[in-house]
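Subject: Model for your files

Hello,

Here is the model I said I would pass on. Please look it over alongside the notes underneath.

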Amino acid sequence: MKRFLHQATLAVAVSAMAATLPSSLAPMRAQAQPLLLSQNVNFQAPDVTAPTSRQGGTHRGSKLCPAGLSITPLVPPTNIGLTLTESPTIFVYVPQTSAKIEFTVLNDKEEDVVYEKTFKLDKSGIVGVTIPAMGKNKSLEVGKRYVWSFSLVCDPEDRSGDLVVKGFVQRIEPQATLKSDLANADQITRLNVYAKNGIWYETLATLAQMRRQTPGDARLTAKWTQLLESQGLESVAAQPLLVQPL
């Protein structure tokens, strides 16, 4: 009888352990396999600098540009970003305005125009303009630095009153390891590779493309906000991402 009671007690104890074991292990399994999209974009700024620090532009006031109107370029605090392509996308925040916006790319000495485009926006937000690939004569060359600017044409009769912000872009040749990491990689992998290697313009453009593809994804919105805040752009991090001008 005692032997029977002992066996019964042991069976109950084993059953209780089996019942509680899966629930205690479930959180551990979830922590061991986190989603990549839940991780922050860890942008590693390269050791490059530009002649002037990044700053947003504020206008003194005119018919098309009310006083206090400001635009903010999306570029690291060094005011320069790297790219691997001859046709990077440059982003800027523009408030509500009826003024035309002029985008210009010049060589490092600001003597020769590489590309220029004029467009208008019907609402405020962050917009990206892509420098097109234009062949050998007008493309961004490897190893060279270029100056870009966004100008709000506040008074077409007096361009001295333009509201202007400037930044720099430098194209580099990717090393073999970077090429290998990017080869056949999916979007999230490419995003992390660009950020890890300090390639600013592709980091921002890739994340912007992902957000446009799935605009309701809160994880991508959080990654975008975190990336901009990490570069001191918290003032525009929550602004809507607009469709690129044609």
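The notes below cover the sheet, the helix that lies across it, and the disulfide.

This is a predicted model, in which local features need pLDDT of at least 70 and side-chain atom pairs count only at pLDDT 80 or more, while totals for chains, interfaces and linings use all residues. Residues are numbered from 1 along each chain as its sequence is written, and side-chain values use heavy atoms, with hydrogens and water left out.

The sheet

Strands and helices are DSSP runs numbered from the N terminus (strands: E, at least two residues; helices: H or I, at least four). Two strands count as paired if DSSP finds at least two bridges between them. On that basis there is an open sheet of five strands in the order 3-9-8-5-6, with mixed pairing. Strand 3 (80–83) and strand 6 (113–119) are the edges, each pairing on one side only. On average, neighbouring strands are turned by 20° against each other, direction ignored; axes are lines fitted to C-alpha atoms, for helices over the stretch in contact, and angles run from 0 to 180 degrees between N-to-C directions.

Strand 8 (residues 145–153) has eight of its nine residues buried, so it is largely enclosed by the rest of the structure. Buried here means under 20% relative accessible area, against over 50% for exposed and partly exposed in between (1.4 Å probe, protein chains only). Strand 8 runs antiparallel to strand 5 (residues 100–107), with eight bridges joining the two; Phe150 is the bridge partner of Phe103. Strand 8 also pairs with strand 9 (residues 163–171), again antiparallel and over eight bridges, and there Trp148 stands opposite Gly167.

The pairing of strand 9 with strand 3 is parallel, over four bridges. In that pair, Thr83 faces Arg171.

Helix 4 (residues 200–213) lies across strands 3, 8 and 9, at about 80° to strand 3; contact means heavy atoms within 4.5 Å.

The disulfide

Taking a disulfide as a pair of cysteine sulfur atoms within 2.5 Å, the count is one. The disulfide joins Cys65 to Cys154, with S to S at 2.0 Å. Cys65 is in the loop between strand 1 (57–58) and strand 2 (70–73), and Cys154 in the loop between strand 8 and strand 9, so the pair ties together parts 89 residues apart in sequence. The torsion about the S-S bond is about -90°, so the disulfide is left-handed. Cys65 is buried at 0% relative accessible area, and Cys154 is buried at 3%.

Regards
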